[in-house]
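Hi there,

I am passing on the structure we talked about, and my notes follow right after it. Have a look at the model first, then read on.

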Amino acid sequence: MKHNLVRASAFRANKNTPQLYEAALTPSVKVLFQTEQFDLADEYNPHISTFIPTKDGIYEITAKVSFCPSKSKSNDSSKNKKDNCKCDYCSKNSCNCDYCRKHHPSKDKKRSSSKEGYVASISINVNGDNLDIVNDFLEKSRPIGLSVTTILQLQAGDRVQVLFSADVNGEILAEASLTNFQAARFPSPM
């Protein structure tokens, strides 16, 4: 009995340089994954960070992004931060200095309220449409890792990319274990 074998389809790519994100400039950015670890069917283009399947089929797609928000101007460190504490508890400009955290512990709970956090999301985008999105609400100063995994029926020639958005400025980190993009086709009659 002769079997018609379909060439395996799978790739994995990592980010190799940090990527600045400015919330005011764009609602979302395409995440750049410049380094291929492998690409079995030559379907991933690292120059445009896009997966373009050559066969119709069912694909599992996973993307992970690590993001570090920028510190606000009021959170910038200075040599005399304890001496020059400026915060809403001291009737001055808001800050997050060690002095205020130490001397106003009951007030710290307010710092993690919704006013002090940010929203970030990662999405799998196919031909310009966001098909799967993961959103999270996070503490303002905390670096995060977001991931999304989905199973999609793709057509040959579809363009699959990863988009990221947040309502704060920051940097998409270049850590291979935390910022990567991969896909594999399931065996199917398609």
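Let me start with the aromatic rings: this predicted model has 10 aromatic pairs. One of them joins Phe33 and Phe181, whose ring centres are 5.5 Å apart, with 45° between the planes, a tilted arrangement. This pair brings together distant parts of the chain, since 148 residues separate the two partners. Phe33 sits in the loop between β3 (29-30) and β4 (35-39), while Phe181 belongs to strand β13 (residues 180-185).

Are these two rings buried or exposed? Phe33 has a relative accessibility of 0% and therefore counts as buried. Phe181 is buried too, and its relative accessible area is also 0%. Both residues are members of a cluster linked by ring pairs, together with Phe11, Tyr44, Phe51 and Tyr59.

Phe181 also leads to the strand pairing. In β13 it stands opposite Ala13, and strands β1 and β13 pair in the antiparallel sense over five bridges. β1 has another antiparallel partner in β4, with four bridges between them; here Arg12 is opposite Phe38 in β4. Strand β1 (residues 10-14) is largely enclosed by the rest of the structure, because four of its five residues are buried.

For the chain as a whole, the secondary structure amounts to two helices and 13 strands. Of its 190 residues, 37% count as buried. The chain exposes about 11,300 Å², and carbon and sulfur atoms supply 49% of that area. Among contacts between residues at least 6 apart in sequence, 68% join residues at least 24 apart.

Three other places may interest you when you open the model.

The first stop is Thr26, in the loop between β2 (19-21) and β3. With a relative accessibility of 23%, Thr26 is above the 20% limit for buried residues and so counts as partly exposed. A polar atom of the Thr26 side chain lies 2.8 Å from the backbone oxygen of Ser28. Thr26 and Ser165 are 139 residues apart in sequence, yet their C-alpha atoms are 8.4 Å apart in space.

Next comes Cys68, which is part of strand β7 (residues 57-69). Its relative accessible area is 27%, so Cys68 is partly exposed. Which residues does Cys68 touch, not counting those up to four places away in sequence? They are Pro143, Gly170, Glu171 and Leu173. For Gly170, the C-alpha to C-alpha distance from Cys68 is 5.5 Å, across 102 residues of sequence.

The last stop is Val119 in strand β8 (residues 117-126). Val119 is partly exposed, with 36% relative accessible area. Leaving aside residues up to four places away in sequence, Val119 touches Asp136, Phe137, Ser165, Ala166 and Asp167. Asp136 is 17 residues from Val119 along the chain, and 5.7 Å separates their C-alpha atoms. Ser165 turns up here as a contact of Val119, having already appeared above at 8.4 Å from Thr26, C-alpha to C-alpha.

If you want a place to begin, try Phe181: it forms the tilted pair with Phe33, belongs to the ring cluster and stands opposite Ala13.

Best wishes

How values were computed: Residues numbered from 1 in each chain as written. Predicted model: local features only at pLDDT ≥ 70, side-chain atom pairs only at ≥ 80, totals over all residues. Heavy atoms only, no water. Phe/Tyr/Trp six-rings, centres within 6.5 Å; stacked < 30°, edge-to-face > 60°. Buried < 20%, exposed > 50% of the residue type's maximum accessible area, 1.4 Å probe, protein only. Polar contact = N/O pair within 3.5 Å; in protein donor to acceptor, adjacent residues only side chain to side chain. Contact = heavy atoms within 4.5 Å. Areas by Shrake-Rupley, 256 points an atom, 1.4 Å probe, with all protein chains shown as cover. Pairing = 2+ DSSP bridges.
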